[in-house]
Amino acid sequence: MEVAPEINLYSPSLAKDKLGRNLVLFPTYGNLSDSVNITNSIVNKTYNRPYLFALDYSNNAVLQAFAPRDFTPIISGKKAIIRPYFVNLTDRSAKDSLYILIAEEYTGIDSSIGESRLHLYDINGNSITKLNDTLIPPILGGSNHIWSIAEGNVDGNPANEILPYYPNNPGNEIIATLSSSDFAYYDNYLAVLRYQKDGSIAKPTPPNTFLHLFDTICTQKISGWIACVNDFDGDKDGKEEIFLVDGGTFRILRMRDYQDDQFRLGHPFDTTFSFTFPNQTIFSLEVADLEGDGKNDIVITTNDSTYIFGSNIPNSFAFIFPKEQQTPPEAFCIGKDLLLQWVNNTLTEKTVKLEFHETYQSVPIDSIPPIFIANIDNNKDTVSYNLYLDNKFLGREGFFILTGISNPIENVDTSAIVSFKSPGFSITNGIDNVYQFGDEITIEGTVQCADSLLLQISIDSVIWQDVYSEKIENSGNIIFRATIPCLPIMDCSKFESIYIVQSRFISMGGISDTNYFQLKLKPRKLYISIDPCLTDCPTLRFHWDTTLVNSPLDTIYFSIAEQTMSNTI
């Protein structure tokens, strides 16, 4: 059966619909200037132009699924390549429907010139997208390129959404690049498309604008073409991975969560794995379970050989925490436990090695080997490990490394860069004042990584006296208040003297840190009343009110001095 006036190198698209029919869509390459008319034996009609042709081959007799659709009114250029795909899409009521995606393509050579576009049709061959329609126009690509197309659920479970701009798309999305296996496009990008016939979705900018019913979720500049989409890792997030081929390299991409900052910054895809065949070009890549073990394998054909990759791909485990990179790096407290967590997607790596690699200003220090921490059982879907942060981490910055014991070359992942702090109290105000015994001292400062603070003072820096301790709930700014006790350091002949007393704060967490400083003290004044002397007797009577003294008194010392014009004796 001849279906077009020129040979088309692309495969037909096959599907089974809900009625149980086996359907096939044929790509066509119409040439309006060709004088040769082709008679289609199925419908007994001639076609020398781009058209959509579908057959039902469910029974012994091959029938047309619907009357052929002439694409001449909707194509943008000359000698268009028409490549149809069956795609299974889901609406918001969780109802699956089979649609036809039409890839309008041009090579830019042999007079095949035009704007490549994507059109959407229903299963009966009726057009859903309309040219120049404000509600649901076709997807516009670029000039003279060949699409690569796949479908799959790349945004995953319903919990992955940010309303109202990024609602989770139920079921499959359409994934497309402007490059194909035999036609690289200079302005290529990877796009995720959705069709929602039951309501428009608001755009973040400009205000009061909405996506078309058939529109893009996200795009990213990229090199390569789509080989397939497959849930290769079997992760619980429900996302299928995108397999991208670029020359001799293939990459596995995963769409980031809508909540991810990188997604909203214009980087919606994360490369989970990449492999290069030196001096070779990949012609095809397919994913299938070759061994019947329930695990998918990757079959790759290059210009040199055919390769098979098992499902135990690199990055079979991935850090959950600490994973988000912060600037500056997130700090953790020495003397505490740090809960490390990772997702485990492999059964082969029963044990993993945990190491710490030091960095300086976020750059790895290669001259310092990683610090070995432990070999850890890797026997759960999500593995948690409590790491006690002892003094070997003090003052360091770096990242943790997970390495598989069975396959350390391929199975490896790294955490975000983090830093480590010791308990401490930095004084900002309060120690420059001069205090008297019995005064309440108020010291302001910033505390970190401490459970409690202890204030001590000493006369000789040998024997220390506790003044006051306080529990610390959270790191940050605090005000520390305590009453200064009486110390036996006074020189009664120098009442106005200021004494320097050694003081220190001890910050206590998992470990302790000491901050020394000096307090300025002077004795508290004792107010004495002298009774007037009415006789010549050598008696002097005086008294005082102990209620006016804030500090407790157990002994009072007196000294008598003779005052002259020049000094006191």
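Phe-53 is buried in this predicted model, with a relative accessible area of 0%. Its ring pairs with that of Tyr-51, the two centres being 6.0 Å apart and the planes meeting at 55 degrees, a tilted arrangement. Tyr-51 also counts as buried, because its relative accessibility is 1% and the limit for buried is under 20%.

This pair belongs to a wider set, since a search of the whole structure finds 26 aromatic pairs. Another of them joins Phe-277 and Tyr-307, and this pair too is tilted. The two residues lie 30 places apart in distant parts of the chain. Phe-277 sits in the loop between strand 20 (269-276) and strand 21 (282-288), whereas Tyr-307 belongs to strand 23 (residues 306-309). Phe-277 is buried at 4% relative accessible area. Tyr-307, at 23%, is partly exposed because its value lies between the limits of 20% and 50%. Both residues are part of a cluster linked by ring pairs, together with Phe-250, Phe-273, Phe-275 and Phe-309.

The two tilted pairs are set out below.

| Ring pair | Centre to centre | Angle between planes |
|---|---|---|
| Tyr-51 and Phe-53 | 6.0 Å | 55 degrees |
| Phe-277 and Tyr-307 | 4.4 Å | 35 degrees |

Rings also meet charged groups. The ring of Tyr-10 has the charged end of Arg-83 over it, at 3.9 Å from the ring centre. In the case of Trp-464, the charged end over the ring comes from Arg-504, and the distance to the ring centre is 4.1 Å.

Turning to the nonpolar interior, the largest nonpolar core holds 23 residues. Those touching the most other members are Leu-101, Leu-118, Ile-149, Ile-174, Tyr-195 and Phe-214. Two or more core residues come from each of strand 9 (81-90), strand 10 (96-105), strand 11 (115-122), strand 14 (173-177) and strand 15 (189-195). Strand 15 contributes the most, with four residues. The core also draws on two domains, taking at least three residues from domain 1 (1-141) and at least three from domain 2 (147-311).

Ile-149 gives a closer view of these contacts. Leaving aside residues up to four places away in sequence, Ile-149 touches Tyr-85, Leu-101, Leu-118, Ile-174, Ile-175 and Ala-176. Among these partners, Leu-101, Leu-118 and Ile-174 are, like Ile-149, listed with the core residues that touch the most other members.

Technical notes
Residues numbered from 1 in each chain as written. Predicted model: local features only at pLDDT ≥ 70, side-chain atom pairs only at ≥ 80, totals over all residues. Heavy atoms only, no water. Core = buried A, V, L, I, M, F, W, Y, C linked by side-chain atoms within 4.5 Å. Buried < 20%, exposed > 50% of the residue type's maximum accessible area, 1.4 Å probe, protein only. Domains from an automatic or database assignment. Contact = heavy atoms within 4.5 Å. Phe/Tyr/Trp six-rings, centres within 6.5 Å; stacked < 30°, edge-to-face > 60°. Lys NZ or Arg CZ within 6 Å of the ring centre and 35° of its normal.
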